[in-house]
Each structure stands twice: as C-alpha cells, then as structure tokens.
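Thanks for sharing this one. Here are a few points I jotted down while going through it, in the order I would discuss them with you.

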Amino acid sequence: MTALDELIAAVPYYRYLGLRADQHGLVLPADERHIGDHSRSLLHGGILSAFVEAAGSLYLRADGAEDAVAVSVTSDYLRPATVVDTSAVIAEIRRGRRFAHLRVDAVQGDERRLVTTATGVWRL
Amino acid sequence: MGVGDREVERPEGSTIDLDMVLAVAERTNAAHRTMGTRMVSVQRHSALIELDWRPDLAEVDGGGIGHGALAALLDHGCALAALMSADDEAKAGATIGLRVDHVSPSRPGEPVRVQGRCDGRGSGVAFATARAFHPDNPDELLAAASATVAGGS
C-alpha cells in the first residue's frame with residue numbers, strides 16, 4: 001500500500017466513498033451509489049464536495065500534516081459530473097504554520113475536463 | 001396529511017407535491033438513499049432532514065459522522081429548502097455553488113440533523129443556508145453551509 005492508500009484506509013467515510021490513489025493522485029471511482037440526479041445519471045454535488053475536502057486533507061496529511069482537517073471549503077459546480085472516475089488536482093495557494101489555503105479541481109475523462117473547482121482553508 | 005408511511009404536515013401556502021419532495025429527499029437521490037438520509041419535516045421555505053450514525057460514515061473508526069458526509073447532508077438540506085420554496089419541481093434545479101464550514105466534531109453513535117432554509121430567490125437562482133446539529137442539542141452547531149441553487153424567480 002502506498003502512503004496515500006494507508007491514509008485513505010484510516011477514514012471509514014473515505015472507504016465508503018471508495019477513494020483510491022493512482023499515479024496522478026486521488027480518485028473518486030465511478031459508482032452509481034454517488035448519483036444525485038437520478039433522471040440524468042449525474043454525481044451528487046455534495047459527494048463532489050466531500051471528495052474535494054478529502055483530497056485536500058489527504059494531500060496535507062501525506063505531506064506531514066497528520067492532523068490536517070478542512071475548516072471551510074467552497075465548491076463551484078461548473079459542469080454536470082457523469083458517472084465516470086473523477087480525479088483531484090491540487091494547488092497550494094498558501095501554506096502557513098497553522099492553516100493552508102488550497103485549490104482543488106475535480107476533473108473527469110482523458111481530456112481532464114473540469115467539473116468542480118474548490119478553494120478552502122485547512123487547519124494543519 | 002400522510003406522506004409515504006409517516007405524517008408530514010403540508011405547510012400553509014404551499015402547493016407542492018409532498019410525495020415528490022419525499023421521493024427527492026430519500027429515494028431518487030442515490031447518494032442519500034445509500035447513506036440513509038431521512039426527511040423529518042418540511043416548512044414553506046425550509047426542510048429538516050436527519051442521518052443516523054453508521055460506522056461506515058465515520059471520520060475515524062468509532063468516531064462521529066465524517067465531514068464529507070456532513071457536506072453531502074448540508075447540500076441536500078439546502079437543495080430541499082430551495083425546492084420547497086420554489087413550490088414547483090420545474091423551478092428547482094441543481095446546486096451550482098456550496099460553501100461548507102466545519103465548527104464542532106459530531107459525536108459517535110449520534111444522529112445528525114440538518115435544517116435547510118431558503119433565504120431568497122432572484123437572478124435565476126435561489127439562496128439557501130443550512131445548519132447541522134445533534135437532535136438533542138440544536139444550539140450546538142456542528143457544521144453550516146450556504147448554497148446557490150439554480151432556478152430562481
């Protein structure tokens with residue numbers, strides 16, 4: 001198991017989401033359990049918010065901030081997210097001593113189409 | 001009036017189909033159906049939902065309901081409040097933005113309630129906010145959210 005796999009395994013809710021790590025980072029696997037709009041087979045926005053929060057927390061924990069936790073995260077749902085794998089792309093906006101500001105993009109498909117973008121503050 | 005197998009009071013001034021609202025709250029949204037989200041009550045511009053504690057939804061083994069599950073529950077509470085306020089399924093759409101603030105950790109074994117409220121409509125969107133709390137402790141805020149939902153006046 002990679003370090004990220006171990007960090008995922010420590011959180012029951014992350015196991016529930018089915019989160020896994022690939023060569024790029026964190027992935028929310030395609031799963032019909034995460035559908036919000038039943039009539040159009042689209043992922044629930046709240047699940048995408050949970051995913052971007054998890055991505056930020058795991059990124060910081062894998063980087064030595066073992067107790068990192070999301071304080072406030074704002075997600076913009078830019079495009080409907082279909083039931084395919086979703087990947088997280090993380091950028092540090094600023095990391096201080098007590099808090100880190102991150103941007104997390106959720107992308108889908110080979111073309112890495114942006115479905116959700118989020119910014120937030122995590123406590124280290 | 002009865003909705004499904006329980007009594008949900010029709011809010012005064014509302015003409016919305018409560019069976020439809022219940023279906024949206026508990027069944028047609030697969031994410032909330034599989035989490036076990038339940039509708040408690042609805043009001044003219046708000047909705048109260050509840051999630052029972054489950055070990056697979058916890059933040060740590062044996063811990064309280066996880067942050068991500070709370071985020072999903074808060075989104076749902078906001079969307080349901082916007083739906084009630086729209087009074088018409090055709091006018092209530094998807095969440096287009098959501099901010100979640102985490103205040104206090106939730107307690108193991110205890111359910112969480114979310115009270116969502118639609119604060120206003122305009123410019124083609126509805127604005128809703130929601131608070132998460134334990135049913136026995138409504139004044140202690142666990143988490144809060146504000147949402148922009150498509151489908152305003």
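1. Both chains contribute to the lining of the largest cavity in this predicted model. At least two lining residues each come from helix H3 (45–62) of chain A, strand E5 (69–77) of chain A and helix H3 (67–86) of chain B. The largest share belongs to H3(A), with 5 residues.

2. Which residues line the largest cavity? From chain A they are Tyr14(A), Ala50(A), Glu53(A), Ala54(A), Ser57(A), Arg61(A), Val69(A) and Ala70(A), while chain B adds Glu59(B), His67(B) and Gly68(B). Sorted by class, this lining has 5 nonpolar, 3 polar and 3 charged residues.

3. A word on volume: the largest cavity comes to about 60 Å³. The structure holds 1 cavity of 30 Å³ or more.

4. Turning to chain B, you will find 3 helices and 8 strands. Read from the N terminus, their order is β-β-α-α-β-β-α-β-β-β-β.

5. How do the overall dimensions of chain B look? Its C-alpha trace spans about 45 × 35 × 30 Å along the principal axes. The radius of gyration of chain B is 15 Å, which agrees with the value near 15 Å for a compact globule because the chain has 153 residues.

6. On packing, 52% of the 153 residues of chain B count as buried. Among contacts in chain B with a separation of 6 or more, 60% are between residues 24 or more positions apart. Chain B has an accessible surface of about 6200 Å², and carbon and sulfur atoms account for 51% of that surface.

Note on methods:
Residues are numbered from 1 along each chain as its sequence is written. Chains are lettered from A and ligands numbered from 1 in the order in which they are written. This is a predicted model: local features need pLDDT of at least 70, side-chain atom pairs count only at pLDDT 80 or more; totals for chains, interfaces and linings use all residues. Side-chain values use heavy atoms; hydrogens and water are left out. On a 1 Å grid over the protein atoms alone, a cavity is a set of points where a 1.4 Å probe fits but cannot get out, and a pocket is an open set with protein on both sides within 12 Å along at least five of seven lines; lining residues have an atom within 4 Å of a point. Grid points are joined across faces, edges and corners, and a volume is the space filled by probe spheres set on the points. Helices (H or I, at least four residues) and strands (E, at least two) are DSSP runs, numbered from the N terminus. Ala, Val, Leu, Ile, Met, Phe, Trp, Tyr, Cys and Pro count as nonpolar, Asp, Glu, Lys and Arg as charged, and the others, Gly among them, as polar. The radius of gyration is taken over C-alpha atoms; the globule rule is 2.2 Å times the number of residues to the power 0.38. Buried means under 20% relative accessible area, exposed over 50%, partly exposed in between (1.4 Å probe, protein chains only). Contact means heavy atoms within 4.5 Å. Accessible areas come from the Shrake-Rupley method with a 1.4 Å probe; for residues, only the protein chains shown count as cover.
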